[in-house]
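Here's a quick tour of a two-chain model, written for someone who'd rather look at geometry than read a long list. Have the viewer open as you go.

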Amino acid sequence: MAEHGSGLVLDGVTKRYSSVTALQPISIEIKPGEFFSLIGPSGSGKSTLLGAIAGFIPPSAGRILIDGRDIVDIPPYRRNIGMVFQNYALFPHLTVFENVAFALRLRKLSKAEVTEKTQRMLDVIRLSGMGERRISELSGGQQQRVALARAAVYDPRILLMDEPLGALDKNLREEMQYEIKAFHNKIAATIIYVTHDQEEAAAMSDRIAIMKDGEIVQHGKPRELYEHPRNIFVASFLGDANIFKIHDAKPDARHIKLDIGEGLSLSAPGDVASASRHYVCVRPESIAVGAPGAFNGSAGQNVLPGIIADVVYTAGTIRCRVKLGPEAVVTARLPFQRNAAFFATGDQVDVRWALTDTLLIPEET
Amino acid sequence: MLKGANTGTPATMRKASWSVARLYRWMLLAPALFLAAFFVFPIIRVVLRSFSDPAWGVQNYERIMAGGPYLQVLLATIQTAATVTALCLLLAYPVAYVMSRLTGSLLQIAAACVIIPLWTSAVIRSYAWMVVFQRKGILNEALIGAGVLDDAIRFLPGSFAVHVGMVHIMLPFMILPLLANMRAIDRSLLRAAEIMGANPLVAFAKVYFPLSMPGVSAGVALVFMMSLGFFITPALLGGPQHLMAAVLIEQQANVILDWGLASSLATVLLVVTGAMYVLYMRLTGNATGNLKGAL
């Protein structure tokens, strides 16, 4: 099998339809062997970009380079790219074995080689005994694995995945995330993964690019994007965020004092200039909730009084919303503690978070 | 109260025995009786007569199988039906393929072009072909006018005209099953084949064509079976040179009044058609499965 996948360079890739621009010029470099995710809301252009890399959608401008060679004019069937489709696109008239062997047979491999490689791939996806089955006889998860095997069996330079887990239920989806990660390690290919599920992307990817309106808004390691979102869209798309508009900013000792309306003010690191036309973003897990006065005297913190609006117990965490003013509400996510009493709706509380967790983010890039 | 609650179970069971499915079965009774009286019974009479007119025995079949004109007509009928079916498939496949990719009003217009001819009777359409194929008809005039011919061709009566007329009338019956099948083929399967290295031709041969086979076999079975018993077009365009089984049977029954021979010819045609149907069901393989699912 390949030592590692190929590198991919997108250089000003653009797609215009008569009246709409589906892709603004996109330039990005994906390293060999990288697990790279494209995420964004539907219509953000991620599937169009994937289609351009696969060769199904000719770009209006720009270059797509695999290992330094421009492939824009090469038809899909000569690009040697693998693709897992959203609906799997398995061939219903062929058996599991023949589905996986399809690309190998096209490559005119000897019969023994086809059998050997296909068998080996069926072993990897743990469907060795099911080669003779029809696709319709498989479960959703099994079909997903066949789709993976079929796309990877011929050692493609790059493996594209278009929302491959979209059709599976939640538990199976999480299980398949591990499978795909393990699979990535085993076949050591470059994977470009499209999803609208930010958690899925964060769990699996080396790097993520967030797309909106045909543009990559920001790209980087999942943690970078989460901790340093470039604008409000990224902040709210990736994970949950409490976001407040800054009405006014004043210098205050080493920090700045922010007026976020409704008579509420916060402290944040930075200077006044950096706060104009900005928003405040606080992640729910940065926020602590305590009885009134519990956080008195803590330095380097924002402490605000509020009233519990509601409390929701989800698996492993407590999500509670605290009203700070008539409109202003913050959501806090707290670890669930067995047998520990928690506040109830209507309780007076204080919320607290560190100044360093008070992120200032511009509206637009 | 408690007792009432207990009797609830048998009550609902009784209710279940009057389910909609049961009702449907009773609704089948009237059409079944109608078919039995006016379709199955006459067919049985025909089959019986083929063995009993003028005397009990297989003499009618011996006359057919002895060779001569009767067997020849039967074989020619099968051959014509096969040729018409093949031509229909050849013409209909690309049409259905293009139609399967249309959407919106374009599809509606194309579908109307296929379906509207069905509203016109085959008799009228066959007469229309007579106008086209006449000695002084449109086709001859055009060919002579264009300098292709010096003298008019005698198309009528003749097998060329029969084939053209039958293909024209049968074409929608080939296009419609193909179209229904092709519209259900997932286009992403072709893209999957392409990204794996199949050029468009290979993708068509290895993926699209096999997946269109149910439509092909349905269309072939339909057109072949209808062509076997086709009467109007061969009667009007074929004449004695291109006698087909249905025309021959009509002659035997109405003109020569040899009802025994007519019955046995009809029985042979029925058996051939039935055999085709069984073969089709075998090939598509899921006939019993579908029936089980439906009941």
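What follows covers the overall build of chain B, one helix pair within it, and the contact with chain A.

Keep in mind that this is a predicted model. Chain B is a helical affair, with 15 helices and zero strands. Its radius of gyration is 26 Å, well over the 19 Å that the globule rule gives for 295 residues, so chain B is more spread out than a compact globule. The C-alpha trace spans about 100 × 70 × 35 Å along its principal axes, and 28% of the 295 residues count as buried. If you look at contacts in chain B between residues at least 6 apart in sequence, 74% of them join residues at least 24 apart.

Now for the helix pair. α5(B) and α11(B) pack at an angle of about 140°, their axes 9 Å apart, and the crossing is right-handed. By class, this contact has 11 nonpolar, five polar and no charged residues. Here is who takes part:

| Helix | Residue range | Residues in the contact, among them |
|---|---|---|
| α5(B) | residues 69–101 | Thr77(B), Ala81(B), Val84(B), Cys88(B), Leu89(B) |
| α11(B) | residues 200–228 | Val216(B), Gly219(B), Val223(B), Phe224(B), Leu228(B) |

And between the chains? 15 residues of chain A are in contact with 15 residues of chain B. On the chain A side, β6 (81–84) and α2 (96–106) are the elements that give two or more residues, and α2(A) gives the most, with three residues. That side of chain A has 12 nonpolar, two polar and one charged residues.

Methods:
Residues are numbered from 1 along each chain as its sequence is written. Chains are lettered from A and ligands numbered from 1 in the order in which they are written. This is a predicted model: local features need pLDDT of at least 70, side-chain atom pairs count only at pLDDT 80 or more; totals for chains, interfaces and linings use all residues. Helices (H or I, at least four residues) and strands (E, at least two) are DSSP runs, numbered from the N terminus. The radius of gyration is taken over C-alpha atoms; the globule rule is 2.2 Å times the number of residues to the power 0.38. A residue is buried if 20 or more other C-beta atoms lie within 10 Å of its own, exposed if 12 or fewer, and partly exposed in between; C-beta atoms are placed from the backbone. Two residues are in contact if their C-beta atoms, placed from the backbone, lie within 7 Å. Axes are lines fitted to C-alpha atoms, for helices over the stretch in contact, and angles run from 0 to 180 degrees between N-to-C directions. A crossing is left-handed if the near helix is turned anticlockwise from the far one by less than a right angle, and right-handed if clockwise. Ala, Val, Leu, Ile, Met, Phe, Trp, Tyr, Cys and Pro count as nonpolar, Asp, Glu, Lys and Arg as charged, and the others, Gly among them, as polar.
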